[in-house]
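Please read the points below with the model open beside you, and look up each residue as it is named. The points go from aromatic rings to the core and then to the pocket.

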Amino acid sequence: MRLTKYEKETIILTSEGDDTYNVYTFNAGLKRRLADFAKKYPAVCRLESEDKEIGCVSYFIDKARLSIRLTAPYTDARRESARENAKRIGPPSKPKL
């Protein structure tokens with residue numbers, strides 16, 4: 001069974017009485033970050049379930065370990081300033097191996 005991108009959701013569930021979030025996701029980057037975090041900090045983040053057939057995972061993570069950041073849109077002045085700084089500084093250099 002193949003899901004569309006619109007069907008591949010990320011859902012964060014909790015209630016005011018819980019001290020954990022349940023994070024259910026198909027997002028590859030988030031799955032990787034959660035797996036790394038759970039491996040490093042098993043006391044505060046653990047894999048609840050994984051469905052390899054459809055590609056989703058579910059993790060429990062302490063509320064104190066997950067935050068949602070809201071960022072205001074750039075103003076035209078801030079966008080122009082960032083553009084000028086980028087022109088002045090140039091593209092980032094590649095690290096030497």
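1. Tyr41 has a relative accessible area of 37%, and because this value falls between the limits of 20% and 50%, the residue is described as partly exposed. Please keep in mind throughout that the model is a predicted one.

2. Phe37 also counts as partly exposed, with a relative accessibility of 24%. The rings of Tyr41 and Phe37 form a pair whose centres are 4.9 Å apart, and because their planes meet at 45°, which is neither under 30 degrees nor over 60, the pair is called tilted.

3. How many aromatic pairs does a search of the whole structure find? The search gives two, and one of them, formed by Tyr24 and Phe26, is edge-to-face, with 5.7 Å from centre to centre and 90° between the planes. In this pair Tyr24 is partly exposed at 27% relative accessibility, whereas Phe26 is buried at 11%.

4. A further ring to look at is that of Tyr21, since the charged end of Lys63 sits over this ring, at 5.8 Å from its centre. Tyr21 also belongs to the largest nonpolar core, which has eight residues in all, the others being Val23, Leu34, Ala38, Cys45, Val57, Tyr59 and Ile61. Strand β2 (20-25), helix α1 and strand β4 (56-62) each supply at least two residues of this core, and β4 gives the most to it, with three.

5. Strand β4 is also the place of Cys56. Is Cys56 buried or exposed? Its relative accessibility is 7%, and because this is under 20%, Cys56 counts as buried. Although Cys56 and Thr25 are 31 residues apart along the chain, their C-alpha atoms are separated by 5.5 Å.

6. The last point concerns the largest pocket, which holds about 240 Å³ of space. Its lining consists of Ile12, Val23, Leu30, Arg33, Leu34, Phe37, Ile61, Arg65 and Leu66, so that Phe37, described above as part of the tilted pair, appears here again. Val23, Leu34 and Ile61 are likewise listed both in this lining and in the largest nonpolar core.

7. Which helix gives the most to the lining of this pocket? Helix α1, which covers residues 28-40, does so with four residues. Sorted by class, the lining has seven nonpolar residues and two charged ones, but no polar residues, and the charged residues in the list are Arg33 and Arg65.

Key. Residues numbered from 1 in each chain as written. Predicted model: local features only at pLDDT ≥ 70, side-chain atom pairs only at ≥ 80, totals over all residues. Heavy atoms only, no water. 1 Å grid on protein atoms, 1.4 Å probe; cavity = no way out; pocket = protein on both sides within 12 Å on 5 of 7 lines; lining within 4 Å. Points joined across faces, edges and corners; volume = space filled by probe spheres on them. Phe/Tyr/Trp six-rings, centres within 6.5 Å; stacked < 30°, edge-to-face > 60°. Buried < 20%, exposed > 50% of the residue type's maximum accessible area, 1.4 Å probe, protein only. Lys NZ or Arg CZ within 6 Å of the ring centre and 35° of its normal. Core = buried A, V, L, I, M, F, W, Y, C linked by side-chain atoms within 4.5 Å.
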